[in-house]
Amino acid sequence: MRRQVLLFFSALCLRCVLGQVSYSIPEEMSEGSAVGNVVHDLGLELKRLKSGKARVYTGRSVEYVGMNKERGVLVVRERIDREALCGETSPCALHFQIILENPMELFRVTVEITDINDNAPSFANAEKRFEISESTVIGSKFILEKAIDLDIGTNGLQQYTLTPADNFALKFENEADGSKKVEMVLQKPLDREKQDYIRLLLTAMDGGEPQLSGTMQIFVNVLDANDNAPTFATRIYRAKIPENAPKGTSVTTVSASDRDIGANGDLSYLISPSKRLLSDIFHINPQSGVITLAGELDFEKATSYQMDVEVVDKGGLSDSTKVVVDVIDMNDNRPHINVVSKSDRIIEDSPPNTVIAMLSVSDPDSENNGKVECVKDDNTPFKIQTSLNGFYSLVTDGDLDRERSAEYNISVTCCDEGVASLSSSVTLTLRISDVNDNAPVFERSSYEASVVENNTPGLSVVTLRARDADWGRNARVSYILEDSSVNGVPASSFVSVNAQSGVVSAVRSFDYERMKRLDFAVRAQDGGSPPLCGNVSVGILIRDQNDNAPQVLYPVPPHAETVPRSADAGYLVTKVVAVDVDSGQNAWLSYKVQHKFATDRGALFEVGLHNGEMRTVRRVTDKDAVKQRLTVVVEDNGRPSRSATVAVNVALADGFPEVPRSEFADDFSEDDDDRLTFYLVSALAAVSFLFVACSLLIVSLKVYRWRRSRVLYRSDLPVIPYYPPRYCDTLGTAGTLPHVYSYEACATAGSAKSDCKLDRAAGRNVLLVDPSSTGTVHKLRREENILDELDSPLEVSLTYF
């Protein structure tokens, strides 16, 4: 609209030059095809097209033809379909204008679109159906559908053909619009029994190059006339059906033919009612003739059925046939297992092939479906034997062991040979009675226990456990102490065993010094007949307890030792010999001099901590008393520790005179001790400064020894005692004499020192130590593993050279 208004005002204001040119092109030209040279045909120049901004004005939404300004030609822009553009109008043309500006010029262009044969004749419906009776007269007409061709002229519809032309022919009649009416005329009688269905092909063709055509299918259904009777295809039908077929299963289909169709050919089937039983088992469809199963079949009751089937058409004409149905045997019966006889219990030592059950098996099926084979579980010691036809025996197959399996659930499965195979199973429960064939077995091969000596009688030491794989009375275990002796004493004097619980208890209090270990045997016996038993060895280790104080063997008061005043420091005065009948740490002895005052810094003698050797600390001076009385404490390492004391008398002399014991007994009195104490107290008061220094030194020494003793006590490692030079301990225990010893003091003229030697064999000058002497030996215990003989006294030998 905007372009038209612009064109109108331009026409009023500017000079218009009118021109016209016409072109003719065929439809369906490709895009870009040249239509005509407007520059040449209108007498224009190419630069005029550019300066005048030439354009094509169509006034339509689709611009089929455009202008190429570079070449000055009209070209096709859109595909042109003459039938879509003009339909049946002829001629078909495009009208548009070419507009130039400066000055404005307008040129009319007409482009005629010529037709090409691009459309084939076609029918509105692809097929046409007719129902014509076989009694229709010749010359009857049937109107056919006309074809449509969008092309015109010679390219339009020109002719029709009908194939095949045996029964029908085409007839054409002109109509007022110039078209032709197409009719199909019957020219030969129809016979439905020969040909009940006719297929025709109507073809419409145009006159173009190349020639195009269209087709339509024509179907003629020839209607029947009732002139034929029904007839069965065969006189007998045979069918097979399995006996387990469900209701509604198709057995067979009877079929009768009637050359008539429609109502004349409608047939009805029925089973002859001569046998009522058959109508309960089989059913026939009246229209289709399909015979189906209406009841249940059982091959074991009937193997075959016969029936008469009739067919009747609408006119009452009929025919009959015979149907034979064979029943196929199916494997529908499982083997039936009947337990004729069985045992519920059997002893475990029963011999092989002992019969435990008899079975009767039957299967009502036929042939392979009725053949039965019985098997059992493979994991049971039994087997199946066939005795008679249909009878089986279940017998033992090997040794039975109640301890391995006290009860068997024996599954017997009987399978037939049908496809698919059916089976039945029965489970027999058999219990195995126990026989006393297993001896009690202890949980351990041997038992070891320990108990501390001085235990309370009746103390439980260890619990024995024995298991018997048998059952009931045969598995009831009793514990019995075997008859044995320990050092000639019956074991029952030391321990007892609870017959039911197996608890081993101590009968008496043990003494480590008399017995280190107790070994005995215990028998576990079941309650079977005859009884079976098993033995185990039991060892009880008796642990030591510090229940014995050290015993001082030497010196024995009022014996006195003589020390020359010329003796130097380190002079060996004597050796305190002590023994402790305990063992281990409880027998480790330590020696020390018991001072009356902590400030005895001027002490002349000291004792070796571990070897008991008494030596001089310094040289003897004139201020030292002639007679010295020392108290030596012997202490073991037990917890709590035990100790013993011994008084050692020492006489200071210029030589080696024999000092009588009675003199020391008279001279060393309580008054001398009191005077000595007074002197010591006076001296301490006079030298208070030295007192403080000595106190600190002594406290430090005590702490150091205490810590050392704690380390030795708590350590799990063996303690190696310290031995001074020239000291030999042949038995490995410092300061103890577990056997008979001799003490030899050796001195030579002018010698300041002497050596102390211990010897096991007492050679000369045997000195008997009275065990009843309370001055030095508080307690003497005789033990077989310490002393060589129980009745032999302890001997100490003292020899001077």
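Two strands are treated as paired if DSSP finds at least two bridges between them. Strands are DSSP runs (E, at least two residues), numbered from the N terminus. The structure is a predicted model, in which local features need pLDDT of at least 70 and side-chain atom pairs count only at pLDDT 80 or more, whereas totals for chains, interfaces and linings use all residues. Residues are numbered from 1 along each chain as its sequence is written, and side-chain values rest on heavy atoms, with hydrogens and water left out.

One open sheet of mixed pairing is built from 4 strands in the order S8-S14-S13-S10. Its edges are occupied by strand S8 (127-133) and strand S10 (157-163); each has a single partner strand, so one side of each is left without a neighbour in the sheet. On average, and with direction ignored, neighbouring strands of this sheet are turned by 20 degrees against each other; the axes behind such angles are lines fitted to C-alpha atoms, and angles run from 0 to 180 degrees between N-to-C directions. The pairing of S8 with strand S14 (residues 213-223) is parallel and comprises 7 bridges. Within this pairing, Glu127 has Gln217 of S14 as its bridge partner.

A further open sheet, likewise described by mixed pairing, contains 4 strands in the order S44-S51-S50-S47. Strand S44 (560-564) and strand S47 (589-594) lie at the edges, and because each has a single partner strand, one side of each lacks a neighbour in the sheet. From one strand to the next, the twist averages 35 degrees. Strand S50 (residues 627-636) runs antiparallel to strand S51 (residues 643-653), and the two are joined by 9 bridges. Gln628 is placed opposite Val650 of S51.

Antiparallel pairing also involves strand S26 (residues 355-362), which is joined to strand S24 (residues 336-342) by 6 bridges. Ser341 has Met358 in S26 as its bridge partner. S26 pairs with strand S29 (residues 391-396) as well, in the antiparallel sense and over 5 bridges. Here Val355 is matched by Val395 in S29.

Turning to the cysteines, a disulfide was defined as a pair of cysteine sulfur atoms within 2.5 Å. In general terms, such a link is a covalent bond between the sulfur atoms of two cysteines. A search of the whole structure yields 1 disulfide. Cys374 and Cys414 form this link, with an S to S distance of 2.1 Å. The link of Cys374 and Cys414 is right-handed, with 100 degrees about the S-S bond. Distant parts of the chain are thereby connected, since Cys374 belongs to strand S27 (residues 372-376) and Cys414 to strand S30 (residues 407-416), 40 residues apart. Both Cys374 and Cys414 are buried, where buried means under 20% relative accessible area, exposed over 50% and partly exposed in between (1.4 Å probe, protein chains only). The sulfur of Cys415 lies 7.4 Å from the closest cysteine sulfur, that of Cys414, which is too far for a bond. Cys415 counts as partly exposed because its relative accessibility is 28%. Cys694, with a relative accessible area of 5%, is buried.

Met29 is located in the loop between strand S1 (18-26) and strand S2 (34-37). Apart from neighbours within four places in sequence, Met29 is in contact with Ala34, Val76 and Arg79, contact being defined as heavy atoms within 4.5 Å. A distance of 9.6 Å separates the C-alpha atoms of Met29 and Arg77, which are 48 residues apart along the chain.
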